[in-house]
Amino acid sequence: MLDPTDEKLLAALQRDATQTAQELGERLNMSTSQAGRRRQRLEAEGYIAGYRAYLSPDKLGLSVEAFIQIVMATHTEQNARDFVRLTQTCAEVVGAWTLTGEADYLLRIYCTDLTALNNLVQQVLLPHPAVSRVQSQIVMERVKSDAPLPI
């Protein structure tokens with residue numbers, strides 16, 4: 001169970017996970033050791049799933065972001081496994097979700113350019129035997145970046 005101090009610590013880490021126990025302690029008005037122990041406990045209990053650096057797609061030459069909806073040809077366990085394996089091995093797919101509604105999957109894609117996106121759709125996704133239909137939406141402008149979870 002989270003108390004208000006745990007929630008404040010999690011919120012602070014979502015904003016900047018590089019903060020040291022000393023910085024967290026100062027921010028939350030507690031000792032360095034208390035902040036460190038709380039952080040370790042929250043990690044051990046699974047509230048903190050991991051840490052990572054958020055890279056700049058533009059700096060890496062990934063100028064096209066797209067969301068692609070996938071409709072499966074047939075809904076078999078094998079098709080689902082094969083398609084999930086494809087999403088896990090395709091570097092351009094940075095997120096994948098199963099959905100309710102018309103589409104079965106939603107993929108978040110980063111590519112270097114429109115040609116690379118077209119190649120991904122035409123040579124990788126559409127030919128896959130599990131896939132019936134692909135619908136792409138290209139991001140024109142990101143108006144809100146991935147935000148911290150509401151705590």
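The following is a dialogue about a predicted model.

Trainee: Why is R85 called partly exposed?

Mentor: R85 has a relative accessibility of 45%. Buried means under 20% and exposed means over 50%, with partly exposed in between, so R85 counts as partly exposed. The residue sits in helix α4.

Trainee: Why does Q19 count as buried?

Mentor: Its relative accessibility is 6%, and the cut-off for buried is under 20%. Q19 therefore counts as buried. Q19 is placed in the loop between α1 and α2. Leaving aside neighbours within four places in sequence, Q19 is in contact with A12, L13, L24, R27 and R39.

Trainee: And N29, is that residue buried or exposed?

Mentor: N29 has a relative accessible area of 73%. Exposed means over 50%, so N29 is exposed. N29 lies in the loop between α2 and α3 (32–44).

Trainee: What is said about phi of N29?

Mentor: Phi of N29 is near 60°, which is a positive value in a residue other than glycine.

Trainee: Why is α1 called oblique to α2?

Mentor: Helix α1 (residues 4–15) and helix α2 (residues 21–28) pack at an angle of about 125°. Roughly perpendicular covers 65 to 115 degrees, and roughly antiparallel is over 145. An angle of about 125° fits neither range, so α1 is oblique to α2. The axes of the two helices are 11 Å apart, and α1 passes α2 in a right-handed crossing.

Trainee: Which residues of α1 and α2 meet?

Mentor: On the α1 side they are T5, K8, L9, A12, L13 and R15, and on the α2 side L24, R27 and L28.

Trainee: What makes β2 and β4 edge strands?

Mentor: Each of them pairs on one side only. The open sheet has four strands in the order β2-β3-β1-β4, with antiparallel pairing. Neighbouring strands of this sheet are turned by 20° against each other on average, direction ignored.

Trainee: How do you know that β1 and β3 count as paired?

Mentor: Two strands pair if there are at least two bridges between them. β1 and β3 have seven bridges, in the antiparallel sense, so they count as paired. In β3, Y110 is the bridge partner of E65.

Trainee: Which helices pack on these strands?

Mentor: Helix α4 packs on the sheet and touches β1, β2, β3 and β4. Its direction makes about 20° with that of β3. Helix α5 lies across β1, β3 and β4, running at about 15° to β1. Angles under 35 degrees count as roughly parallel, so α5 is roughly parallel to β1.

Trainee: What makes a set of residues a nonpolar core?

Mentor: Its members are buried residues of the listed nonpolar kinds, joined through side-chain atoms within 4.5 Å. In soluble globular proteins, nonpolar side chains tend to be buried together. Here the largest nonpolar core has 20 residues, and I68, I70, F83, L107, I109, L117 and L125 touch the most other members. The elements giving two or more residues to this core are β1 (64–72), α4 (77–89), β3 (105–111), α5 (114–125) and β4 (131–138). Five residues come from β1, which gives the most.

Trainee: What does F83 touch?

Mentor: Not counting residues up to four places away in sequence, F83 touches I70, M72, Y105, L107, L125, H128, A130 and V131. A second, separate core has ten residues, including L10, L13, L24 and A35.

How values were computed:
Residues are numbered from 1 along each chain as its sequence is written. This is a predicted model: local features need pLDDT of at least 70, side-chain atom pairs count only at pLDDT 80 or more; totals for chains, interfaces and linings use all residues. Side-chain values use heavy atoms; hydrogens and water are left out. Buried means under 20% relative accessible area, exposed over 50%, partly exposed in between (1.4 Å probe, protein chains only). Contact means heavy atoms within 4.5 Å. Axes are lines fitted to C-alpha atoms, for helices over the stretch in contact, and angles run from 0 to 180 degrees between N-to-C directions. A crossing is left-handed if the near helix is turned anticlockwise from the far one by less than a right angle, and right-handed if clockwise.
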